[in-house]
Amino acid sequence: MKFKKKTEISSEISTASMPDIIFMLLIFFMVTTVLRTEDGLRINLPTAQRIAQLKSKIHTSNIWISKDGFISIQDKIHQVEDVRWTIYEKRKVDAELTISLKADKEARMGQIVAVQNELRKADALRLNYSTLMAGD
Amino acid sequence: MKKRRFKGAAIQTSSMADIAFLLLIFFLVTTTIDMDKGLGIILPAEGEIFEMHQKNILNCLINSSGNVLLGDEPIEVKNISRFVKEKMAQNENLIVSVKSHAKTRYDDYIQVIDQLKMADAKISIAETG
């Protein structure tokens with residue numbers, strides 16, 4: 001009895017589904033990417049209209065002030081008197097340092113002004129009151 | 001003459017992967033994580049005292065319940081911009097000195113600063129006593 005040899009099997013990998021695989025990857029990364037938006041305290045930013053965008057992220061340091069008056073810099077709770085030293089260390093290495101003040105709507109000006117006076121002592125004079133666009 | 005047989009029109013799919021890659025790279029490159037936005041201000045340096053002519057200073061006081069006193073009279077927050085613009089038309093060296101009570105809400109303060117920014121006024125932050 002004679003057997004017929006199967007020789008017509010092609011050994012190439014089909015590339016027809018390649019785009020689908022890449023699209024799947026694209027969608028996977030799109031869905032799973034979460035932008036890290038919050039690294040400080042839980043706050044509600046105030047809104048304003050005449051706002052400008054900060055120029056560079058590298059030269060910006062954040063100070064968070066919660067409505068209870070807690071101050072956080074780089075995920076550490078600070079006392080008012082300690083702000084000066086932390087910021088001064090930053091100011092020494094970066095002459096173009098801008099401080100982005102992220103304070104809660106309900107924060108009291110007493111605490112804000114205390115922090116501002118600390119910034120003045122640390123010679124970090126460029127300040128930015130972080131706000132949201134009004135109407136968003 | 002021989003009739004040409006119709007073989008079926010197929011779209012080339014071999015370059016599809018490249019197109020998808022290009023899209024992926026395009027979006028990777030053009031995506032910028034949104035930057036911080038806010039009201040910029042320059043604080044006065046420590047120990048720096050300016051002698052200002054009294055007539056160039058416009059005092060803006062905010063009390064603990066968010067009421068604003070501009071010059072010598074109380075004013076609605078939304079009218080500050082217009083009022084300061086008028087004042088600046090009369091005196092272009094005008095500096096607005098903002099003072100707030102220790103118990104003033106930050107939001108009220110930001111609204112006032114926003115109004116002053118809208119009038120392109122020179123803002124000076126006075127220390128609260």
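These legends walk you through several close-ups of a predicted model.

Residues are numbered from 1 along each chain as its sequence is written, while chains are lettered from A and ligands numbered from 1 in the order in which they are written. Because the model is predicted, local features need pLDDT of at least 70 and side-chain atom pairs count only at pLDDT 80 or more, though totals for chains, interfaces and linings use all residues.

**View 1. Here is where chain A meets chain B.** On one side are 43 residues of chain A, and on the other 37 residues of chain B; a contact means that the C-beta atoms of two residues, placed from the backbone, lie within 7 Å. On chain A, α1 (18-32), β2 (52-53), β6 (98-103), α3 (109-121) and β7 (126-130) each supply at least two residues. Helices (H or I, at least four residues) and strands (E, at least two) are DSSP runs, numbered from the N terminus. The most comes from α3(A), with 9 residues.

**View 2. Both chains share one open sheet.** Its 7 strands go β2(A)-β1(B)-β7(A)-β6(A)-β3(A)-β4(A)-β5(A), with mixed pairing; strands pair if DSSP finds at least two bridges between them. At the edges sit β2 and β5 (76-78) of chain A, each pairing on one side only. Helix α2 (residues 80-93) of chain A packs on this sheet and touches β3, β4, β5 and β6 of chain A. The direction of α2(A) makes about 20° with that of β4(A); axes are lines fitted to C-alpha atoms, for helices over the stretch in contact, and angles run from 0 to 180 degrees between N-to-C directions.

**View 3. Zoom in on the spot where β7(A) joins a strand of chain B.** The partner is β1 (residues 37-42) of chain B, and 5 bridges hold this antiparallel pair. Look for A:Arg126, which stands opposite B:Ile42. Helix α3 (residues 106-118) of chain B lies across β6 and β7 of chain A together with β1 of chain B, at about 75° to β1(B).

**View 4. Strand β2 (residues 57-62) of chain B has two faces.** B:Leu58, B:Cys60 and B:Ile62 point to one face and are buried, but B:Ile57, B:Asn59 and B:Leu61 point to the other and are not. A residue is buried if 20 or more other C-beta atoms lie within 10 Å of its own, exposed if 12 or fewer, and partly exposed in between, with C-beta atoms placed from the backbone. β2(B) pairs in parallel with β5 (residues 95-100) of chain B over 6 bridges, and antiparallel with β3 (residues 68-70) of chain B over 3 bridges. B:Ile62 stands opposite B:Ser100 in β5(B) and opposite B:Val68 in β3(B). In the hairpin of β2(B) and β3(B), B:Gly66 takes a positive phi near 90°.

**View 5. Now for the largest nonpolar core, with 42 residues.** Such a core is a set of buried Ala, Val, Leu, Ile, Met, Phe, Trp, Tyr and Cys residues joined through C-beta atoms within 7 Å. Among those with the most contacts inside it are A:Ile65 and B:Val112. Beyond its neighbours within four places in sequence, B:Val112 is in contact with residues including B:Cys60, B:Ile62 and B:Val68. A:Ile65 has A:Ile71 as its bridge partner in β4(A).

**View 6. Helix α1 (residues 16-30) of chain B is hardly covered.** None of its 15 residues counts as buried.
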